[in-house]
Amino acid sequence: MSAIEEMYFLDHGYMFPTETHCAASLKFAQEFAFQDDDVVAVTYPKSGTVWMQEILPLVLNGGDLTPIQTIPNWDRVPWLEEKRLAVVVDQLTSPRALVTHLPYHLMPPSFLKSKAKVINVLRNPKDVMVSSYYFHQMAAFLEDPGTFDEFMEKFLTGKVMFGKWTDHVKSWRHTALGDRIMYITYEDMVQDLPAALRRISDFLGCNLNDETIQKIAEHCSLKSMKANNMSNFSLVPKQYMDATKSPFLRKGVPGDWKNHFTSEQLARFTSVIRKEMEGESFSLPWSL
Ligand code: A3P
C-alpha cells in the first residue's frame, strides 16, 4: 500500500483521512439517532468549522463559558463522521451540537426524519483552498500538498478530503429541509460577528439579549480562540499537528487568496468553479 493509500480510504467516492475516520465511524454516523433538538453545523473543510464549535455551545447555553473552557472543541461539538463521536456521545447534553463535512446525500436516515436544525457555513472557495493548503502542511495525517499549483489541481478535481467544494455546496443547497436549514457565510461572520450570532440565536430559538450576544462575540473572536487551549489545537501532539509549520487558527481573514494566487491560477480556478456553479441561483457575497 502506498503512503497516500494509507493516509486516506475511499467511501462513496469520498476521501476520508484514516487518522480521524474509519469504516466503523462512518457506520456509527449512519446509525446515529438524531434528536429533534440537535443542531448540526455543516461545512466544507476550512470554512469555519472550529469557529462553530465555539459558537454553538455558547449560544445554546446562554453564554455559559464552561463548555468552551473545559472540553476540547472536537469533543464538545464532535464531528458526526469521526471516530471521537462514539467515545463522547453519551457525554453530550441536549440540545446537542455536532459538526459535519458530509454531503447532504450521506446524512443518516434519522437526520432526515428528525427536526434537527442545520447551519450551513460557506466560505469563499479561494480562501478555503489557501487555508487548506496550509492545513495540509501542518497536519501530518494529510497528504503533503506539494506546490500551490499542484494543490490547486487536487482541490479543483476533488482529490482532497470530502471531494469538490462545488459538489459540497450544491448538495446542501438542494435539500428537502425547508426552514430547518440556515445559510451563513464565513465572511458575514467576520464582518459583523454580533449580527451573525443574533441570526444564529434567533434561528435556534435561543432569544439571547444583546449583552449575552456581545459576551459571546468576545469569546469567539480569533484572538480569544487562539488563547483558548481547548480550541487552538495545542493539546494535539506536534507529531500530528505541527503549529510551527502553520497554526490551525492561522489568519482568520477574508481575501488571503490575493496573497497567493497568480493571475494564471486565478483564471484557471475561476473558470472551473464558475462552470461547475452554472445554473445555481443563490447569491454569495463574493464573486466566484
Ligand atoms: P485561515 O486558515 O484562513 O486562517 P475549519 O475550522 O473549518 O477548519 O476552518 C479553519 C479556518 O477558520 C482558518 O482559516 C481559521 O483561522 C478560521 N477561523 C477559526 N476561528 C476563527 C475566528 N474566530 N475568526 C476568524 N476566523 C476563524
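**Reading a sheet and a core in a predicted model**

Biologist: The UniProt annotation "domain: Sulfotransferase", from an unreviewed entry, covers residues 36–279, in the numbering used here, and such annotations may be inferred rather than shown by experiment. What share of residues 36–279 is helix and what share is strand?

Modeller: This is a predicted model, in which local features need pLDDT of at least 70, side-chain atom pairs count only at pLDDT 80 or more, and totals for chains, interfaces and linings use all residues. Residues are numbered from 1 along each chain as its sequence is written. Helices (H or I, at least four residues) and strands (E, at least two) are DSSP runs, numbered from the N terminus; over residues 36–279 the chain is 45% helix and 8% strand.

Biologist: In what order do the four strands of the open sheet stand?

Modeller: Strands of a sheet pair through backbone hydrogen bonds, either parallel or antiparallel. Two strands pair here if DSSP finds at least two bridges between them, and the order is β4-β3-β5-β6, with parallel pairing. Because β4 (97–100) and β6 (181–185) each have a single partner strand, one side of each is left without a neighbour in the sheet. Strands β3 (residues 39–43) and β5 (residues 117–122) pair over five bridges, and A41 stands opposite I119 in β5.

Biologist: Which residues does V59 touch?

Modeller: Contact requires C-beta atoms, placed from the backbone, to lie within 7 Å. Not counting residues up to four places away in sequence, V59 touches L197, I200, S201, L204, C206, L208 and I216.

Key
Two residues are in contact if their C-beta atoms, placed from the backbone, lie within 7 Å.
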